[in-house]
Amino acid sequence: VRESAEDKVYGKIGEIKHLKKQNPRLIFGITGCMAHKEGDALIRRAPHIDFVLGTNKVHELLRVVRELETPHKGHIVDVLLGDTEIPEDVPVQRNGSLSAWVPIMYGCNNFCTYCIVPYVRGRERSRLPEDIVREVREAAAKGFKEVTLLGQNVNSYGKDHKKADFAQLLKLVDEVEGIERVRYMTSHPKDLSDAVIEAVQNGRHICEHFHLPVQYGSNRILKAMNRVYTVETYRELVKKIRAAVPDASITTDLIVGFPGETEEDFQELLAFLREIRYDAAYTFLYSRRSGTPAAVMENQ
């Protein structure tokens with residue numbers, strides 16, 4: 001979402017160049033969203049890169065390395081977004097011993113005007129509930145006590161395969177023996193259902209925490225961001241959460257400096273924050289991302 005992350009990658013590419021000179025057999029690759037977005041441009045900018053793999057391509061890594069070990073093999077660039085099934089045989093390496101991160105879906109169907117993610121990660125694809133539960137059980141067997149379910153918008157989990165929705169998945173994970181805390185991130189307010197609120201309310205191990213990114217506090221800017229909801233509907237959602245789970249922690253994300261933002265908009269945002277009283281907020285200065293609708297808006 002933010003340009004600063006991309007700048008850091010370019011800096012790291014420059015740092016690693018000297019390692020390639022010391023050891024020409026070193027295989028150096030770039031993967032993920034930035035790789036998908038830049039593609040061949042990365043090779044042209046830094047020829048010491050051997051391969052560029054786009055999103056959802058981790059399972060191709062072994063094949064790519066084997067190809068590059070073939071004499072006289074040139075650069076490999078693979079950034080095509082396919083509709084293939086999510087691979088479930090990729091080894092999992094976890095850091096720490098307490099908290100495990102478990103992806104439940106990939107991609108995004110919400111085209112917020114400031115965000116590049118739908119263009120580089122593709123449409124939403126949900127893992128099957130049995131595969132997720134199996135991974136959570138494996139983490140619990142290794143001593144992990146906390147699990148965080150990950151997705152660009154977990155609230156829309158399962159809309160593609162119809163095997164389970166997010167509320168049902170939360171209940172399945174809540175029942176895994178050995179897991180004492182269940183968390184999730186991130187979520188879109190427009191898709192938070194009563195069933196999810198109820199699952200948190202009645203769960204044994206589901207943390208009473210709702211991360212609900214509002215992004216802004218005026219309807220004019222929310223519309224320009226294509227966030228779909230209004231300040232009024234968001235306010236009612238918060239009331240519903242607090243009625244069901246009085247001690248719930250509510251956190252959010254905020255973007256300031258969006259194209260066309262006025263002082264009046266900003267004051268509306270401040271007033272909204274005073275009203276909602278979040279427990280915490282991730283706050284960001286708007287970052288112009290090429291390829292997004294907001295990047296070509298007036299009054300940057």
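**A walk through the predicted model**

Let us start at T113, which sits in the loop between β5 (105–106) and α5 (117–121). Helices (H or I, at least four residues) and strands (E, at least two) are DSSP runs numbered from the N terminus. This is a predicted model, in which local features need pLDDT of at least 70, side-chain atom pairs count only at pLDDT 80 or more, and totals for chains, interfaces and linings use all residues. Residues are numbered from 1 along each chain as its sequence is written, and side-chain values use heavy atoms, with hydrogens and water left out.

Is T113 buried or exposed? T113 counts as buried because its relative accessibility is 9%; the cut-offs are under 20% relative accessible area for buried, over 50% for exposed, and partly exposed in between (1.4 Å probe, protein chains only). Neighbours within four places in sequence aside, T113 is in contact (heavy atoms within 4.5 Å) with A224, M225, N226, F258, T292, P293, A294 and M297.

Now move to V256, in strand β10 (residues 249–256). With a relative accessible area of 27%, V256 is partly exposed. Its contacts, again without neighbours within four places in sequence, are E261, F266, L269, F284, L285 and Y286. From V256 to G14, 242 residues apart along the chain, the C-alpha atoms are separated by 31 Å.

Next, the interior. A nonpolar core is a set of buried Ala, Val, Leu, Ile, Met, Phe, Trp, Tyr and Cys residues joined through side-chain atoms within 4.5 Å. The largest one has 56 residues, and the members that touch the most others are I104, Y114, L149, F166, L170, Y184 and F210. Not counting residues up to four places away in sequence, I104 touches S126, R127, I132, L149, L150, V154, Y157, F166 and L169. Another core, of 12 residues, lies apart from it and includes I16, M34, A46 and I49.

Finally, step back to the whole protein. There are 11 helices and 11 strands, and buried residues make up 45% of the 300 residues. Of the contacts with a separation of 6 or more, 72% are between residues 24 or more positions apart. The C-alpha atoms fill a box of roughly 65 × 55 × 30 Å along the principal axes. The radius of gyration is 21 Å, which agrees with the value near 19 Å for a compact globule of 300 residues; it is taken over C-alpha atoms, and the globule rule is 2.2 Å times the number of residues to the power 0.38.
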